[in-house]
Each structure stands twice: as structure tokens, then as C-alpha cells.
Amino acid sequence: MARIGVDYLKTAGPPERFAEAYQLAGVHGLKRTAHSSEHAPVAVNKVTCLGVLGCGRNDHGYFAREDHTVIARLREDQTSFTGIFTTSRRSWRPWRRASVKAMIHAGLKVILASNDPGMFPTTLANEYRIAVNELGLDRAWLRRSALAGVDACWQPDAEKAALKESMTAEIEALEQELFG
């Protein structure tokens, strides 16, 4: 699946800088995503990514929670976010964990992910451990988050349905094994 994404120093300027490239990508059928509202405290950048850049999903977005109007729109649209607790800067980790938890409690569709595991000391399993042990998220939420990842992926509908069915069966088997 052809796609375009941007991961840039958010404090260097707004995502509107990439509007022309994203519009061209949309014309040619590329799927679009962007990192935004990760480091720069500008919640409206999330709205720009959806409306101007045409992003179908978003990475991070931790500062979006600071604007109730933006939160309402993102919740209403059921915008998908990747939520990552482990960052390269240790001093940011408590803030980031609190931000993800606040996004979840605000009703946003957060999908746990790992961020460049080759660069940062994390794995997806570790992110799930943090969700349970440090944030107190329950199995029902973990299941919803994992399956929301399937909904947000860019595979054809038939492949998504098969993947969701397979993942549901694997989750149920794992829960049965662990919890009886």
C-alpha cells in the first residue's frame, strides 16, 4: 500500500508546510499519516492533519488533549492515534504516559505502538506492560486497542476482516491460557 507520512521537528513549523505534497499524494491515491502535536503544544495541528493534509490516522498527538474543541472533534471522528509511552528522552516518559492516559480517558481511539524499537529501549510487549502496570489499563481496553489497530491499518477490507478474526481468536486463546 503506497503511503506518505511525515515525522519532523514539530517546533520548526506547522504541518501546513506539507499541504502541497499531501494533496498531490491524495490525488495519486496514497494513504496519509503524520506525526503532530507530539513536541509542539499546538492541539489544532491535529485538525490540520485531518482536514488539510487528509491524514487517515495520526501518530502521537499528545498535546491535542489540551484543547477541548479539538478533542471533541477527534473523538467524534473516531480518529486513530498511535500512543507510545517510551521515548528517547527519559525525562519525557512520565509526561508522555500521563498524556496517553488522559487521551484514553477523553475517549480518543489510542492504539499502543512502539516507536523505533531499534533506537529506543522498548518493544510492543513492554508498551503493553506499561499500560497495565503503570497506567492500570485493563484487558478489555488492551483488546479494543489492539483491534483498533486493525481498523486503522491500510489493508483491503477483506484482509482486515481476516486479520481481525485471527487476532480475536489469538487474544481469546491467550486470555484462556493466562486467566482460565
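Reader: Which residues of helix 2 are buried?

Author: In this predicted model, helix 2 spans residues 44–51, and its buried residues are Asn45, Lys46, Thr48, Cys49 and Leu50.

Reader: What covers the buried residues of helix 2?

Author: The cover includes strand 2 (31–36) and strand 3 (57–60), along with helix 3 (68–77) and strand 4 (80–83).

Reader: Let's turn to the rings. How many aromatic pairs does a search of the whole structure find?

Author: The search finds 2 aromatic pairs. One of them joins Tyr62 and Trp95.

Reader: What makes the pair of Tyr62 and Trp95 edge-to-face?

Author: Two values settle that. The centres are 6.1 Å apart, and the cut-off for a pair is within 6.5 Å, so the rings count as a pair. The planes stand at 80°, and an angle over 60 degrees is called edge-to-face, so that is the name this pair gets.

Reader: Where in the chain do Tyr62 and Trp95 lie?

Author: Tyr62 is in the loop between strand 3 and helix 3, while Trp95 belongs to helix 4 (residues 93–105). With their positions 33 residues apart, the pair links distant parts of the chain.

Reader: Why is Tyr62 called buried, and why is Trp95 called partly exposed?

Author: Tyr62 has a relative accessible area of 0%, and buried means under 20%, so the word fits. Trp95 has 29% relative accessibility; that value falls between 20% and 50%, so Trp95 counts as partly exposed.

Reader: Why is the pair of Phe63 and Trp95 called tilted?

Author: Here the centres are 5.0 Å apart and the planes are at 40°. That angle is neither under 30 degrees, as for stacked, nor over 60, as for edge-to-face, so the pair is tilted. Phe63 lies in the loop between strand 3 and helix 3 and Trp95 in helix 4, so this pair ties together parts 32 residues apart in sequence. Phe63 is buried, at 13% relative accessible area. Together, Tyr62, Phe63 and Trp95 form one aromatic cluster.

Reader: How do you know that Arg57 sits over a ring?

Author: Arg57 lies over the face of Trp154, at 3.7 Å from the ring centre, and the distance cut-off is within 6 Å. Arg139 lies over the face of Phe179, at 3.9 Å from the ring centre.

Reader: And which residues have the most contacts inside the largest nonpolar core?

Author: They are Leu74, Phe85, Leu108, Val110 and Trp141, in a core of 23 residues. Helix 3, helix 4, strand 5 (109–112), helix 5 (124–133) and helix 6 (139–152) each give two or more residues to this core. Apart from it lies another core, of 7 residues, including Val6, Tyr22, Ala34 and Cys49.

Notes
Residues are numbered from 1 along each chain as its sequence is written. This is a predicted model: local features need pLDDT of at least 70, side-chain atom pairs count only at pLDDT 80 or more; totals for chains, interfaces and linings use all residues. Side-chain values use heavy atoms; hydrogens and water are left out. Buried means under 20% relative accessible area, exposed over 50%, partly exposed in between (1.4 Å probe, protein chains only). Helices (H or I, at least four residues) and strands (E, at least two) are DSSP runs, numbered from the N terminus. Contact means heavy atoms within 4.5 Å. Rings of Phe, Tyr and Trp (its six-membered ring) pair if their centres lie within 6.5 Å; planes under 30 degrees apart count as stacked, over 60 as edge-to-face and the rest as tilted. A charge sits over a ring if NZ of Lys or CZ of Arg is within 6 Å of the ring centre and within 35 degrees of the ring normal. A nonpolar core is a set of buried Ala, Val, Leu, Ile, Met, Phe, Trp, Tyr and Cys residues joined through side-chain atoms within 4.5 Å.
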